[in-house]
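Biologist: I'd like you to zoom in on one part of this model and walk me through it, then work outwards from there. Take your time with it.

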Amino acid sequence: MKFLSSMLLAAAAAEAHYTFPRLVVNGQAEEKDWSVTRMTKNSQSKQGVENAASADIRCYTSQTAPSVAAVPAGAVVHYISTQQINHPGPTQYYLAKVPAGSSAAKFDGSGAVWFKIHTSMPAVDKNKQLTWPNQNAYTTVNATIPASTPQGDYLLRVENIALHLAMQANKAQFYLSCSQITVTGPGGGTPGPLVALPGAYKSSDPGILVNLNAIKPDAYQPPGPPVWSG
C-alpha cells in the first residue's frame, strides 16, 4: 500500500510540472519533440531547476538537438508544453549569438552572450488574484524575434519561473529549454545588455524570492537584464 501511495504521489507531482520540447515559429512547429530543441535533463521527471546559480539554469541540456531551425528576424515564436503551465510566474525569452568558430548545434551558451527579448507580466483577475499570460495553457506566451537581430546562429532560450513556493529561498522553479536556430535577415541591430547564465540571477533577486500574495502586479520585478526589442 505504501508503495502504491508513493507511486501515485510521484505521478501527481510529475503531472504538476512540464517541459518545452517543441519550438513553434510563425505557427509551424518543429518536426518532432527535441528535433531542434535540446533535450533537457528533466525530459522524464519534468522537475524544474531550483538553484539559480547552477549551470543547469542555462539550458538544462542532457544532449544537443540533431537539427537547426531557420528563423527569420521578426518571427513570432512560442513553445508547446508537455503539460499545462499551471504554476504562476513569468515567461521569459533569451537569445545567445553563437561565436565565430562554433555553431548552433555545438555551442554550450557559456559566457556573457545572452540578451533578453521578452518577459511576461502579471495582471489582476476579478477575484483580485494575480494571473499570468498563458497560465494553465499548453503553450508558452508568444515572443517576437526582434527584426533587427543580426543574422547568424543562435541559441533561443525560454523559461517559465514557477513562483508558487517562491516565498522560501531556493524554491522558485525554472522550467526551460534551448533551441538551435539560425536567424535570417534583415539584422543591423546591436543586442544588449549581454549577460551570462549562470550569473545573471541570484536566488535573492526580488523576482525569484517573492511572495506573490504580498505584491501588486506592477511591483513584480522579473529577474535578469532589461528586454532588448531591437
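Biologist: What order do the strands have in the open sheet of four strands, and is their pairing parallel or antiparallel?

Modeller: Keep in mind that this is a predicted model. The order in that open sheet is E2-E1-E6-E11, and the pairing is antiparallel. Strand E2 (28-29) and strand E11 (143-144) are the edge strands, each with a pairing partner on one side only. As for what holds such an arrangement together, strands of a sheet pair through backbone hydrogen bonds, either parallel or antiparallel.

Let's go through the pairings of E6. Strand E1 (residues 22-25) is joined to E6 by four bridges, in the antiparallel sense. Within that pairing, Val24 sits opposite His78 of E6. Strand E6 (residues 76-80) also pairs with E11, again antiparallel, over two bridges. There, Val77 has Ala143 of E11 as its bridge partner, and Val76 stands opposite Thr144 of E11.

Another pairing to look at involves strand E5 (residues 69-72). E5 and E13 run parallel and are joined by four bridges; in this pairing Ala69 is opposite Ile181 of E13. In a regular strand the side chains alternate between the two faces of the sheet. E5 shows that pattern: Ala69 and Val71 point to one face and are buried, whereas Ala70 and Pro72 point to the other and are not.

E13 leads us on to the packing inside. The largest nonpolar core has 29 residues, and the members that touch the most others are Ile57, Trp114, Leu163, Ala172, Phe174 and Tyr201. At least two residues of this core come from each of strand E7 (91-97), strand E12 (152-162) and strand E13 (173-184). E13 gives the most, namely three residues. There's also a second, separate core of 27 residues, with Phe20, Ala69, Ile85 and Val183 among its members. Back in the largest core, Leu163 makes plenty of company: leaving out residues up to four places away in sequence, the residues it touches include Trp132, Ala172, Ile208, Leu212 and Tyr220.

Now for the empty space. Rolling a probe the size of a water molecule over the atoms shows where empty space is left. The model holds one cavity of 30 Å³ or more, and the largest cavity has about 30 Å³ of space. Its lining includes Ile85, His87, Trp132, Val141 and Asn160. Sorted by class, that lining has four nonpolar, six polar and no charged residues. Ile85 is thus listed both in the second core and in the cavity lining.

The largest pocket has a volume of about 270 Å³. It is lined by 15 residues, and those closest to its centre are Lys128, Gln129, Leu130, Leu212 and Asn213. Ten of the lining residues are nonpolar, four are polar and one is charged.

Two of those pocket residues, Gln129 and Leu130, also turn up next to Val124, which belongs to strand E9 (residues 123-124). Neighbours within four places in sequence aside, Val124 contacts Gln129, Leu130, Thr131 and Pro217. Pro217 is 93 residues away from Val124 in sequence, yet their C-alpha atoms are 6.9 Å apart in space. Val124 counts as partly exposed because its relative accessibility is 45%, and that class lies between the 20% and 50% cut-offs.

Terms used
Residues are numbered from 1 along each chain as its sequence is written. This is a predicted model: local features need pLDDT of at least 70, side-chain atom pairs count only at pLDDT 80 or more; totals for chains, interfaces and linings use all residues. Side-chain values use heavy atoms; hydrogens and water are left out. On a 1 Å grid over the protein atoms alone, a cavity is a set of points where a 1.4 Å probe fits but cannot get out, and a pocket is an open set with protein on both sides within 12 Å along at least five of seven lines; lining residues have an atom within 4 Å of a point. Grid points are joined across faces, edges and corners, and a volume is the space filled by probe spheres set on the points. Ala, Val, Leu, Ile, Met, Phe, Trp, Tyr, Cys and Pro count as nonpolar, Asp, Glu, Lys and Arg as charged, and the others, Gly among them, as polar. A nonpolar core is a set of buried Ala, Val, Leu, Ile, Met, Phe, Trp, Tyr and Cys residues joined through side-chain atoms within 4.5 Å. Buried means under 20% relative accessible area, exposed over 50%, partly exposed in between (1.4 Å probe, protein chains only). Contact means heavy atoms within 4.5 Å. Two strands pair if DSSP finds at least two bridges between them.
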